[in-house]
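Thank you all for coming this morning. I would like to walk you slowly through one structure, so please take a look at it before I begin.

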Amino acid sequence: MNNFLPIPSLRSPYGPWQSAFTVDALRRAWSVVRANKGGAGSDGETIHQFEAKLETELVQLHQELVQQRYRPQPVKQILVPKAGSNWRPLGLWAIRDRVVQRATYNYLEPVFERQFLPCSFGYRSGRSTHDAAQAIMQARSEGAAWVLDADIEDCFGQMRNGRVLRQLAQWQVPGPIREMVRRWLYTKIGNAWRSDQTTAGTSQGNVMSPLLCNLYLHPFDRAMQQRGLWLIRYADDFVILSRHKTAVKTARYWASLNLRRLGLNLHPHKTHLRSFEEGFQFVGWFFVRNEMHQLR
C-alpha cells in the first residue's frame, strides 16, 4: 500500500520530485555531508565506512527513494554545551539519512529562497550575520532609535510537526517529499533524555531543520512587516527597531501574539527593550549610538 500523500499538480514550482534523488543528486549531497566532517551516525557507521562502499550505498538509496521504500534509522541524542550552564540536545542521524536530508534540502531550498522575505537572514545562502548587522545600521541611518532585542524560547524544540507539514502543503511541496519530512519529524529518539520529546521533530542536527525553521517563521515575518517598524531576524533571534519607544513596546505585544499563534513564545529572560544610546548585541555584533563592532 502506498502511504505517500498525493502529488500536487504539474504546475508545482519544484519539478519532478524524483529529480531530487538521482544518483548524481545524492552524490552532490554526499560531498556536502563529507565536507562537514561529522562523527559516526546513530547506527555507528562512520563517514569513512560509508565512503568505502559509496557507489553501492548511493544506488541503493536511489532505489529506495524513488520506489518509496526509504525509512530513516532511529536517532540518538547528544547534549552539547550552550553559553552558561545550559545544554542543547542535538539529534545524531545515520550517514545515509544525512545524505537524503541534504538532497532534499538541495531540492527545496531554491524555491523556498524565492519566497522568504528580505528581513530573514539566518541559514540563507549568500546572507550572513554581517548582512544582518548592516541592515540594522541601515535602519539606524533612517531614524531607528529604539530596539526590541528578542529571542524565541526553544524554537527548534517547540515547532509543531503538524504545522510544519501544513505549511509544506501550502507551499506546494510534492507529497512524497512531505511524507519523507513527516517520517523524519516522527523518527524515534533511542535515548531521549526528556519524556515529553521522544521523537526527533525539528531538533537541531537534521540538515532540514534550519530551512524548516525559516518556513515556520515566515508567517511571523509577514505579520511583523508593519509601517514604521524594521524587523531583522536571524533564525530564532530577532530585533524590531523603530523611531519611537512606544512603537517598540507595542511591537513586543504583537510579536508575542503572532508567535503564540505558531505555538512559540518570547524568551522571558532574553527579550529586552533597548536604545541605541545604551547599546545592544545581536548575532555577534554590538551596536551603540551610530557604531557597530564585531564581538570576538
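**Two cysteines and three helices**

Let me start with Cys 213, whose sulfur lies 4.1 Å from the closest cysteine sulfur, that of Cys 155, which is too far for a bond, given that a disulfide here is a pair of cysteine sulfur atoms within 2.5 Å. For those new to the term, a disulfide is a covalent bond between the sulfur atoms of two cysteines. When the whole structure is searched, zero disulfides are found, and Cys 155 is accordingly in none.

Before going on, I should say that this is a predicted model, in which local features need pLDDT of at least 70 and side-chain atom pairs count only at pLDDT 80 or more, while totals for chains, interfaces and linings use all residues. Residues are numbered from 1 along each chain as its sequence is written, and side-chain values use heavy atoms, with hydrogens and water left out.

Are these two cysteines buried or exposed? Cys 155 is buried, with a relative accessible area of 1%, and Cys 213 is buried too, at 0%, where buried means under 20% relative accessible area, exposed means over 50%, and partly exposed is in between, using a 1.4 Å probe and protein chains only.

Now to the helices, which are DSSP runs of H or I with at least four residues, numbered from the N terminus, as strands are runs of E with at least two. The axes of helix 9, residues 209–223, and helix 10, residues 245–260, come within 10 Å and cross at roughly 150 degrees; axes are lines fitted to C-alpha atoms over the stretch in contact, and angles run from 0 to 180 degrees between N-to-C directions. Helix 9 and helix 10 are therefore roughly antiparallel, since angles over 145 degrees count as roughly antiparallel, under 35 as roughly parallel, 65 to 115 as roughly perpendicular and the rest as oblique. Where they meet, Leu 217, Phe 220 and Ala 223 of helix 9 touch Ala 255, Asn 258 and Leu 259 of helix 10, contact meaning heavy atoms within 4.5 Å.

Helix 9 also has a partner in helix 4, residues 95–115, and here the axes come within 11 Å and cross at roughly 30 degrees, so helix 4 and helix 9 are roughly parallel. On the helix 4 side the residues are Tyr 105, Leu 108, Glu 109, Phe 112 and Gln 115, and they meet Leu 211, Leu 215 and His 218 in helix 9.
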